[in-house]
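Thank you all for coming, and please bring up the structure on your own screens, because I would like us to walk through it together.

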Amino acid sequence: MHQDGKEAPSVSRRSLIAGAALVPVAALSSAAQSAGPPATKAAKSVFSEAERKTLEAFIDRLVPKDELGPGAVECGAANYIDQALGGALADEKESFLQGLASVDAFARSAHGASLAELTPDQQDAVLTAMDRGSATGFANARAVFARIRRLTLEGMFSDPYYGGNQNFRGWDLIRYPGPRVAVSPEEQKIKVEIKPYRRSALGANHGHQS
Amino acid sequence: MAINLKPVDVAVIGLGAAGGVAVLPLARAGLKVAGLEAGTWMDPHSFKPDELHNNVRGLLTSVPKANREVPTVRNGPSGQTRRGNIHPMMNAIGGTSIHYWAQSWRLKAWDFKTRSEAVKRYGPNSIPKGSTLEDWPLTYDDLEPYYDLIEHEVGVSGKAGNIQGKIDPLGNVYEAPRQREYPMPPLRGSGFTDHMAEVAKQLGWKPYRPPAAINSQEYQGRPGCAYHGYCSRGGCHISAKNSTAVTTIPAALKTKNLTIFDHAHITRIVAGGDGRVTGVTYLKDGKEYFQPAKVVLLASYTYENSRLLLLSQSKAYPKGLANNHGQVGRHYFGHWQGGVAALFPFDINIWYGTPAQAAAVDEWADDNYDHSGLGFIGGTTLQPHTEMHPIEAASMSSFGQAPGWGSRWKAFVRENAARWVSAYMQTSTFPYEDIYLDLDPEVRDPLGDPVCRVTTAAKENESRASDFAQKKMEEWFRAAGAIQVIRGGGGAPGVSTHAYGGTRMGDNPDTNVVDRWGFAHEAPNLGILGASVMGTSGARNPTETAQALAWRTADHLAKSWKSIAG
């Protein structure tokens, strides 16, 4: 659980001033900051080309692109998972890759090809069997399914700094209005449209308005 | 060999919510205090509105000590032992008061005298079977002056409902009498919490805005809350949350009587052959130090308080420090916290705010209603609140309306992620014979010491109390327009952010570790701070009570210095 190297630069002083008319100046002087170390990005993918294809096929069925908009793939959830397994979640990299291999092994035994090669209906059948724990010969299928689903949600809805939620597509999907440094009473009303604030609170632009 | 340090008057183990408070009266009294803290200072500017970092990965901490010592849990002595990934506590100067919800309540007079009050009103059979419940050795009135001190020194926002017996319906009319108003008005409401409060009134209930150690306006040179929605497990970027790191600890440092030793990983409390403690050993940067002290105050979290005592074995204490009566780890319990989730047909906009920004109802808490024939004692506070994060929102229940993935799931979440809420509900919880802490026989921390093990069990009293309250919460949500409600949660608590007991306070040394002032019956110069001394939970967050008790113990120490320090 070592966190060194994962510390991301924080909301900058400038964004605090820009976004927080209510914050007294006294609070800002203590908030002066240095930029901090850049976050560690995975130098290269933890996935082989085939593993990446399997993962993308999987999460594309979990949250498909459809008439309601982009899905997990378009949100960059696979990027998020890649970066996480190369950094913060490195401890579970091996078990995750083993899980992907098991998905393909099950897909082959049940439908004769790896997950990415199957039709969407066949892919759904693979996911359904895993979700229900009825995937023959795939003992930890439910746990693998649950973990991929969980990381896909993290990849869709976390700050884009972590590699997913690209162009804020995840936040747009659920109408999350975005992290702000200060929130007015008007912005907490109900049945009132709140203008989304589409900036990362972290990362290269530190949440600055560009 | 440990490096011997210069002796001090008082060594305080842990500068969190409790230890961080106790150092102030000690330092003001002129005692030389060593504040030993496993973590270090955190820069408020490093506190980010980042759900992944704070809530999902639990990384807001200055060192990862607690996360390497997560207790194990089992349901009963034959249950399967399990272990979570994240400890509910963090390590830093200020401790978990940096990332807590800052809900800052007084207990009710009833919570201090539950056993005798329940017997008086409902008869001896009303005491839950197998419970080791005792009256506290002090009353609400004894603690009131210290509650008042904490509310003003730390800074608590709220509205009084009972000032010296005068009832104000704008506050909580069920609260115990207080000597004066809060130093700051309550936090503002949100559209959603105002709506819930309005509906509660229509039900004939008396909603109020709950108290919080969060500035509702500028206080002691720090600004009012920005309501940005990353308070839970997040630090405050403008220091509007009144952790001890920005309140009592800086005030104690100003006296020059407090010296902080950070990155000090306490390994043992040392006792002499006469049973008195002589100091503590700790590791820092790979070296071992011994800090001699005339008095030691143990102020880590509930789990670590018991663990450190059990690990500190010596000739005088072969079963662990202050444990010759076998009471360390006993009378432990985690707070029962049920939940009721509701789905509304419109966006409720609870993204921002803070969990203490809530509509609270006490009608069904404590002994505020007649329990005759209900089969339980105690009650529950109902508290729908704000602060929702995007991953959490999308991880919602499908309320039986959609599968867990695919296009139909996506359509459901798209429509409803912004339309659901879960109420916060805390139920009075009591100690039992078969719920306790000890050392895990297998799982160890990186130093090779056993971690704490929780043995828990489901209890009928708390289960019935929780069910009763969940029905009330459902009624409230439905009256407010909810189209779907799920009652659930509850069950035997595992590792908890509200962990009580293990070093219970009481006059009888056969059933309690510390006396009415917080000092160990067996080791008179060892004081213990935190909710680990509390024998009942009440139906509300423990921190302000733990802080009032800590101040009282420190105050007693300063006033009785010669008799305690020897």
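Before I give a figure for the interface, a word on what it stands for: buried area is the accessible area, taken with a 1.4 Å probe, that two parts lose on being put together, summed over both. Please also keep in mind throughout that this is a predicted model.

With that in hand, the area buried between chain A and chain B comes to about 5,100 Å², and carbon and sulfur atoms give 60% of that. Counted by residues, 67 from chain A are in contact with 57 from chain B. There are 26 residue pairs in polar contact between chain A and chain B, both partners being at pLDDT 80 or more, and the count of salt bridges between these chains is two. One of these joins D66(A) to K410(B), where the closest N and O atoms are 2.8 Å apart.

Which elements of chain A give two or more residues to the side that touches chain B? They are α1, α2, α3, α5, α7, α8 and α9 of chain A, and α8(A) gives the most, with six residues. If we sort that side of chain A by class, we find 38 nonpolar, 13 polar and 16 charged residues.

Let me turn to chain A itself, which has nine helices and zero strands. Of its 210 residues, 48% are buried, and among the contacts between residues at least 6 apart in sequence, 58% join residues at least 24 apart.

I would like to pause at α5(A), residues 77-86, and ask whether this helix is mostly covered or mostly uncovered. It is mostly covered, since seven of its ten residues are buried, namely A77(A), A78(A), Y80(A), I81(A), D82(A), A84(A) and L85(A). What covers these buried residues includes α3, α4, α6 and α8 of chain A, and also, from the other chain, α2 of chain B, residues 51-56.

Finally, a look at chain B, where strand β3, residues 33-36, is joined to β8(B) by four bridges, the two strands running parallel. Within that pairing, L36(B) stands opposite F261(B). Strand β8(B), residues 258-261, has a covered face made up of L258(B) and I260(B), while T259(B) and F261(B) form the uncovered one, and I suggest we leave the view there for discussion.

Terms used. Residues are numbered from 1 along each chain as its sequence is written. Chains are lettered from A and ligands numbered from 1 in the order in which they are written. This is a predicted model: local features need pLDDT of at least 70, side-chain atom pairs count only at pLDDT 80 or more; totals for chains, interfaces and linings use all residues. Side-chain values use heavy atoms; hydrogens and water are left out. Contact means heavy atoms within 4.5 Å. A salt bridge is a side-chain nitrogen of Lys or Arg within 4 Å of a carboxyl oxygen of Asp or Glu. A polar contact is a pair of N or O atoms within 3.5 Å; within protein, one must be able to donate a hydrogen and the other to accept it, and residues adjacent in sequence count only if both atoms are side-chain atoms. Ala, Val, Leu, Ile, Met, Phe, Trp, Tyr, Cys and Pro count as nonpolar, Asp, Glu, Lys and Arg as charged, and the others, Gly among them, as polar. Buried means under 20% relative accessible area, exposed over 50%, partly exposed in between (1.4 Å probe, protein chains only). Two strands pair if DSSP finds at least two bridges between them.
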